[in-house]
Amino acid sequence: MTVLEPNAAPTTGDGMIPAPRESTVPQEEPAMAAAGGIVADPSAAPAAEATGGSDAVDARGGAIGTVVEDWLADQSTEAGIPVTPIPIPQRPVLPVRIRQASGRYRSPAAGFQLELRIDVDGRRPLKKISGDYFSVSGATTSYFGSWTVDAVTTTVTNGALVAVGTARCTWPTTFTVARVTIPRRTIFQSPAPATIQWSTPSGAIGATYTCAPEGAALRVVELEQDVEAGVTAFTSYDTGSLPSGGPARTLTAAAAYGEAGIQVLDTGGGNTIATSSNHVWNNASLHGAMTAHFSRWQERAQFKVWLLHAQRHELGTGLRGIMFDQQGLQRQGCASFYQVIQAGTPQNLREQLYVAVHELGHCFNLFHSFHKAFMTPPLPNRPGALSWMNYPQNYNPGGGAPSGAAAFWGAFPFQFDDLELAHLRHGFRDNVIMGGTPFGTGAAVEMPVQPSDPTTDTSGLRLRVRTSPERPVLGTPIVLELALTVDRGQQVHPAELLHPKYGLVQVTISRPRGDTIVHRPPVLHCAEPELLQAAPGQVLPVSAYIGYDAAAGQLFEDPGTYRIRAAYTAPDGSVVVSDTATVRVWGTRSAEDDAVAGLLLGEEVGMAMTLLGSDAPALGSGMAALEEITEEHADHPNAVYARLALGINAARPYTAVEPDGSVAVRERDLDRADALLTPAIDASRGEGGLDDLTVLQVMGYLARSHAAEGDGVGARDLRRDATRLAEEKELPGAALGLLAEDPAD
Ligand SMILES: [Zn+2]
């Protein structure tokens, strides 16, 4: 039986091997135009560019040459290495410029089809090549696998560029040596096809594919953008408006990706989502809006992404953007919030551009620069990265160099860093495509490990963790209580930003089944926090539900012992590792325990608990399971969690966006919220029930809801009650921040 794999030489006899893979595509293909932004239109200004390099010929000097050995270097618009042309006076005078070889190529759709990406010249060449195979069968085409050559050697031989290197592949093959040949063409000729021949390291010849040029961009992504009523969506920013670290140019979000070699096609959208004024989004309604309103949304992997330009998120003005799609197939949608960056000042336009490119970067599966260690597999953090994926305020090049937002903006050239470029251009398809692997997961199946203690830690910060409740039975939602103690006064993030959903704290869980999970909160928030000047001895507490993971689903599905650690990345880049919390999940002891556990461990219940309820149809069965607990098992200790999620959901309005862009608002139901949350609060005054911070949070939320409905007296009583409770429980002063009044009320 012949193993069918694309790099091996075609054989005959089993009827499964495709026809010859020669290109049948005529070579009069559209020119590799500048749409992808890899290089400026080569025909736009040949005379000016001709002064720069060896492959160009100075017509005025009467010189002509075909000396192009190092034409590659010249193709980089950033290299700018001047090379003197070699004059050959007898030859005719012609300006000649060589086409760049970099770009996207495709073999015919027969058997295996190869999408080939060449990245050896043009803008910021990475000297890599990569490709995706699709298997074509009848009228169907399926993704087969990807490969990447991380470092190619290029030569020019017999008028052709030859690139050779060894590939990493997603499937087992011995044919790993790639040799790509692309005839050189001038800009006056049509672009040449690329031929790739595979062989084994010992020289056995494998398959050959001839791929027609398809475009200058290495990937193409469709972007659909919609706008909430009252928001003026970002269009472009002139990077020369304020000091920066790069050349002045006008950037749209698409142009920023174009510079990275990724063509972003704006597919319209532009619909206005007609919310009422002062409308506030939450994560549940954002996800619902995406599934209803993103016309290209499907629950499958595709290079299509949705960006909502919105006004305000319930988490407040610090939240500038969010990649909210971390349920089901992930990374398909994001939003930016304009509440505090709407006015068209240069600073705000710059922020609007940054947020759009940054959130879309998450959709491409890029992590924050200072969180690369938390990817699977991990990379070292790069807090000094001048990248779209860094937080300006987290920028820290080290060595005593200026850090923070002002230093970042002064040096930022409005680009991704090289490792991010490599991912965008050459990452294995599933790791890049929207709806592919879960956020933060690469191709390698590597086992994460618990963070180890730093060898030295002079950060002056301590992180402590413990879980709540103390004796959970199977199905009990597990809450992690974190407390950051500041021993040496310094700037830290405010307590609420220590919630893992902001990404500054990463939680790692070792489970009794033997694996270790780096917890990925199902929704990642990108906040631009105001830092807090903390005094020595100050304690910053936060509690977070960690029972549900964006990739692994329910995390505490087995009875047994779990070990949990957290790591906080401080503003100066220090990684503060917590102690280890050990929690034993007990088996069920009664039929009712069994029934409640079965309901609470449902997949949609985990997401509903994360969102604290939702009206989204996709979570309907999860909400129904919580209802069933409050009705059929009202006296079970874990009913308090069902009341929590149902009650918070009732305490806030829910906006459903219909496919036509119209909006239906389900109003706040305060009576129902009171009926659910009051018993949950009362059950938590002593030892049992919700953890202390969550109770306080619930009381604060309910107080704000009463205030919003005009019940100032009820709101005040709730806050007084909560303050007393906080004193009884001896909570740190910072916890009272949870009772803050909504500035909008
Ligand atoms: Zn972010």
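**Helix packing, cores and loops in the predicted model**

Helices α11 and α12 are oblique to each other, a word that applies here because angles under 35 degrees count as roughly parallel, over 145 as roughly antiparallel, 65 to 115 as roughly perpendicular and the rest as oblique. The structure is a predicted model, in which local features need a pLDDT of at least 70 and side-chain atom pairs count only at pLDDT 80 or more, while totals for chains, interfaces and linings use all residues. Residues are numbered from 1 along each chain as its sequence is written. Helix α11 (residues 620-632) packs against α12 at an angle of about 130°, with the two axes 9 Å apart; axes are lines fitted to C-alpha atoms, for helices over the stretch in contact, and angles run from 0 to 180 degrees between N-to-C directions. The crossing of this pair is left-handed, in the sense that the near helix is turned anticlockwise from the far one by less than a right angle. From α11 the contact is made by L626, E627, I629 and T630, and from α12 by A639, A642, R643, A645 and L646, where two residues are in contact if their C-beta atoms, placed from the backbone, lie within 7 Å. These contact residues of α11 and α12 divide into six nonpolar, one polar and two charged, with Ala, Val, Leu, Ile, Met, Phe, Trp, Tyr, Cys and Pro taken as nonpolar, Asp, Glu, Lys and Arg as charged, and the others, Gly among them, as polar.

The protein chain as a whole has 15 helices and 31 strands, which are DSSP runs numbered from the N terminus (helices H or I, at least four residues; strands E, at least two). Of its 745 residues, 49% are buried, a residue being buried if 20 or more other C-beta atoms lie within 10 Å of its own, exposed if 12 or fewer, and partly exposed in between. Among the contacts in the chain with a separation of 6 or more, 66% join residues 24 or more positions apart.

The largest nonpolar core (a set of buried Ala, Val, Leu, Ile, Met, Phe, Trp, Tyr and Cys residues joined through C-beta atoms within 7 Å) has 85 residues, and those with the most contacts inside it are L484, L498, Y568, A645 and V698. Helix α12 (residues 639-650) supplies the largest share of this core, namely nine residues. A645, which also takes part in the contact of α12 with α11, touches A608, M609, L612, G613 and L626 when its neighbours within four places in sequence are left aside. Apart from this core there is a second, separate one of 70 residues, which includes Y237, F324, Y338 and C363.

Helix α14 (residues 692-708) and helix α15 (residues 712-728) pack at an angle of about 165°, their axes lying 7 Å apart, and α14 is therefore roughly antiparallel to α15. The crossing of α14 and α15 is left-handed. Among the residues that make this contact are V695, L696, M699 and G700 of α14, together with G714, A715, L718 and R719 of α15, and the full set divides into 11 nonpolar, four polar and two charged residues.

Two further helices are mostly covered. In α4 (residues 283-293), 11 of the 11 residues are buried, and these buried residues pack against β10 (219-228), β13 (262-273), β14 (304-310), β16 (333-337), α10 (603-611) and β30 (654-657). In α10, eight of the nine residues are buried, including E604, M607 and T610. Helix α10 is followed by L612, whose phi is positive, near 55°.

Several loops show particular backbone features. N158, in the loop between β5 (153-157) and β6 (160-169), has a positive phi of about 50° although it is not a glycine, and N158 is exposed, with 8 other C-beta atoms within 10 Å. R331, found in the loop between β15 (319-323) and β16, has a positive phi of about 70° and is likewise not a glycine, but R331 counts as buried, with 26 C-beta neighbours inside 10 Å. The peptide bond from S468 to P469 is cis, with omega near -5°, and P469 lies in the loop between β17 (461-468) and β18 (479-486). G427, placed in the loop between α7 (418-426) and α8 (429-432), has 23 C-beta neighbours inside 10 Å and counts as buried. The C-alpha atoms of G427 and S130 are separated by 8.2 Å, although the two residues are 297 residues apart along the chain.
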